[in-house]
Amino acid sequence: MSSPSLLVLYGSQMGTAQDTAHRIVRQAQRRRMQVKVLPLDSYSVANLISETLVVFVCSTTGQGDPPDNMKNFWRFLFRKSLPAGSLGRLDCAVLGLGDSSYPKFNFVAKKLHKRLLQLGASVLLPVGLADDQHDLGSDAVIDPWLASLWEKVFALYPSLAEVIPLQEDEPLPPTYTFHFLDDVKEETDDRLRIPMDHTVPSQSHPFPARVVFNKRVTELSHFQDVRHIEFDITGSNIEFAAGDVVVMRPCNSPEDVELFCQLLRLDPETLFTLRATDNTAVPARLPQPCTVRQLVESFLDIAAVPRRSFFELLSTFATNELERDKLAEFSSAAGQDELHSYCNRPRRTALEVLADFPHTTAELKADYLFDLFPEIQPRSFSIASSLQAYPNRLQILVAVVQYKTKLYKPRRGLCSTWLASLDPAQGEVYVPLWVKKGGLKFPKEKSTPVIMVGPGTGVAPFRSALQERIAEGKTANVLFFGCRSEIKDFYFKSEWVEMTKAGHLVLFTAFSRDQEDKVYVQHHVRENAELLWDLIAKKSACFYIAGNAKEMPASVCDALKEVFQQEGSVTAEEAEQMLVAMERTGQFQSETWS
């Protein structure tokens with residue numbers, strides 16, 4: 001059999017599956033194979049019938065949904081009209097990236113694997129189910145899975161075994177080359193140009209929304225800074241309903257941009273153009289020409305915790321013996337515990353790693369920046385307002401992420417810190433954004449009650465829902481809200497009081513730290529068993545949960561099952577089945593995040 005051409009297709013929401021796909025590509029390149037990599041929705045899926053060797057790498061989002069960049073592929077693949085043997089000539093493998101703290105762990109990879117078998121594909125090895133919750137992260141599954149993959153590929157194509165692979169310490173060619181321009185002139189930054197056409201804003205064409213206000217809504221003595229932020233979307237053609245989300249890309253801080261340019265000896269004002277070394281498209285989001293500052297500020301994710309691939313590539317540039325040995329250890333399978341102690345556990349950023357390896361950083365060529373640093377990924381926030389209550393406005397509720405590790409500097413969330421820094425009082429500030437459908441859908445029927453459990457910032461989509469429902473005359477609304485303290489972090493208190501007085505809302509509050517015994521939303525769910533049973537069993541109420549994925553959703557579900565057992569006189573097993581049935585029909589919905 002002749003040497004195969006490998007196709008690696010990925011579905012990635014936050015960049016992890018993309019990074020893993022590129023890792024497979026590098027391993028194939030070292031084996032001197034012809035290889036191509038694409039996001040699934042950039043690949044013409046009809047061509048799959050003529051492919052011979054494909055590796056699929058995909059993550060799972062939301063409640064078992066495919067990532068945004070594989071949704072079209074997903075719809076096509078599950079068409080009932082596809083003939084059973086249509087992928088008969090395909091050898092393939094599926095690697096899933098997931099998090100076992102979510103109920104639908106690696107659902108997309110499992111379902112894809114099953115569907116490929118149905119369509120007649122030959123699957124080379126069992127589906128890989130990488131788990132972020134593992135002590136060593138996803139690599140605990142990925143490493144042995146990849147070793148098995150190459151064994152299977154070598155068995156299929158014996159000619160590959162005769163090829164002398166490239167050494168691990170030999171750098172592969174960069175994806176792009178930089179061409180610096182001597183003629184440095186002021187470029188107009190068109191990222192905030194308001195589009196004159198009437199297209200709906202999207203990831204490729206975001207709308208520059210002006211920040212109208214940015215207020216802290218927690219007491220100054222409270223440990224967390226939570227922001228209520230409003231954007232002006234006049235003239236944007238943006239429409240949204242309760243449950244939808246707004247998406248935006250953050251920028252790196254000016255201090256980080258300056259430090260990065262110092263470490264790599266780059267002048268931030270220098271202009272460059274990019275050229276791809278193969279058929280890869282130049283990133284559409286980057287202007288051509290572009291300044292180094294623009295690139296580092298809005299494109300390269302230098303403040304993220306770097307993945308193992310970062311250390312693998314960095315090690316190929318190291319000439320200093322001490323640094324080279326350490327980087328080689330971090331890149332090896334045996335050194336993963338050491339890497340986690342150095343990088344993942346304290347949440348060390350890529351920029352801090354560069355500062356820790358100054359000799360190697362000094363050897364870095366600009367050409368490899370796109371291979372070293374992933375693109376800054378978009379962040380999604382539940383929309384916390386309704387267009388019916390606030391026309392031409394869009395509001396969000398953002399908890400500013402900051403925490404301590406063993407490192408001297410506190411760790412900060414890139415997007416929340418960036419948003420908190422935008423002060424409209426200091427001059428006009430714009431955020432390029434777009435809107436997409438969220439996971440929560442609210443009933444159209446006027447008579448259907450809704451029960452919402454939204455502790456903390458989880459209440460954001462329910463504020464949007466209540467504003468929308470009340471404007472439409474839908475007044476059968478129940479809200480369970482929980483926070484630490486009534487005076488420190490009771491978001492939108494005056495609004496809930498007003499809705500309650502008007503008879504549009506039944507409100508239950510749990511302030512966990514305001515008394516000796518901690519009280520949470522699940523306690524109030526149990527205490528109101530009779531009301532909830534009446535609403536769900538007799539009036540077909542829809543039940544919603546939004547908030548942190550840690551323990552709250554499972555605790556609320558357990559409380560709800562107890563309500564079913566107590567009021568409906570059913571067994572634990574029957575209560576479980578009732579909840580499953582509610583989820584299947586959309587009567588029970590949840591949107592959680594870690």
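# Notebook: cysteines, helix pairs and odd angles

**Entry 1, cysteines.** I started with C415, which counts as buried at 4% relative accessibility. The cut-off for buried is under 20%, so a value of 4% falls on the buried side. Note to self: I'm working from a predicted model, not an experiment.

Next I wanted to know how many disulfides a search of the whole structure finds. The search came back with zero. C58 is in no disulfide, and its nearest cysteine sulfur belongs to C92, 11 Å away. Why is there no bond from the sulfur of C415 to the closest cysteine sulfur? That closest sulfur sits in C251, 9.3 Å off, and this is too far for a bond. A pair has to be within 2.5 Å to count as a disulfide, so 9.3 Å doesn't make it. I had to remind myself that a disulfide is a covalent bond between the sulfur atoms of two cysteines.

I also checked whether C58 is buried or exposed. C58 is buried, with 1% relative accessibility.

**Entry 2, α1 against α4.** On to helix pairs. Two packed helices are described by the angle between their axes and the distance between the axes, so I wrote down both. For α1 and α4 (residues 139–156), the axes come within 12 Å and cross at roughly 35°. The crossing is right-handed. On the α1 side I found T20, R23, I24, Q27 and A28, and on the α4 side D139, I142, D143, L146 and W150. Sorted by type, the residues of this contact are five nonpolar, two polar and three charged.

**Entry 3, a closer look at D143.** I picked D143 out of helix α4. Is D143 buried or exposed? Its relative accessible area is 17%, and because the limit for buried is under 20%, D143 counts as buried. Skipping neighbours within four places in sequence, I got R23, R308 and A333 as the contacts of D143. With R23 there's also a polar contact between the side chains, at 2.6 Å. I looked up Q133 too: it is ten residues from D143 in sequence, and their C-alpha atoms are 16 Å apart in space.

**Entry 4, α7 against α8.** R308 turned up again here, as part of α7. Helix α7 covers residues 308–315 and helix α8 covers 321–331; they pack at about 145°, with axes 8 Å apart. α7 passes α8 in a left-handed crossing. In α7 the residues that meet α8 are R308, F311, E312, L314 and S315, and their partners in α8 are R324, L327, A328, F330 and S331. I sorted these as well and got five nonpolar, two polar and three charged.

**Entry 5, unusual backbone spots.** Most residues other than glycine have a negative phi, and most peptide bonds are trans, so I went hunting for exceptions. R32 has a positive phi of about 60° and isn't a glycine. I found R32 in the loop between α1 (16–30) and β2 (34–39). S540, another residue other than glycine, has a positive phi near 55°. It lies in the loop between α17 (529–539) and β21 (542–548). S540 counts as partly exposed, at 47% relative accessibility.

Which two residues does a cis peptide bond join? They are Q288 and P289, with omega about 0°. P289 is in the loop between β11 (271–276) and β12 (290–291).

**Entry 6, S512.** I found S512 in the loop between β20 (506–511) and α16 (521–527). At 4% relative accessibility, S512 is buried. Its side chain makes a polar contact of 3.0 Å with the side chain of R513. Beyond four places in sequence, S512 touches C483, R484, D517, K518, V519 and Y520.

**Entry 7, Q402.** Last lookup. Q402 belongs to strand β15 (residues 402–403). It is partly exposed, at 45% relative accessibility. Leaving out neighbours within four places, its contacts are P410, R411 and R412. The side chains of Q402 and R412 are joined by a polar contact of 2.8 Å. I also noted S101, 301 residues from Q402 along the chain, with 22 Å between their C-alpha atoms.

Terms used
Residues numbered from 1 in each chain as written. Predicted model: local features only at pLDDT ≥ 70, side-chain atom pairs only at ≥ 80, totals over all residues. Heavy atoms only, no water. Buried < 20%, exposed > 50% of the residue type's maximum accessible area, 1.4 Å probe, protein only. Axes fitted to C-alpha atoms, helices over the stretch in contact; angles between N-to-C directions. Left-handed = near helix turned anticlockwise from the far one by under 90°. Contact = heavy atoms within 4.5 Å. Nonpolar A, V, L, I, M, F, W, Y, C, P; charged D, E, K, R; others polar. Polar contact = N/O pair within 3.5 Å; in protein donor to acceptor, adjacent residues only side chain to side chain.
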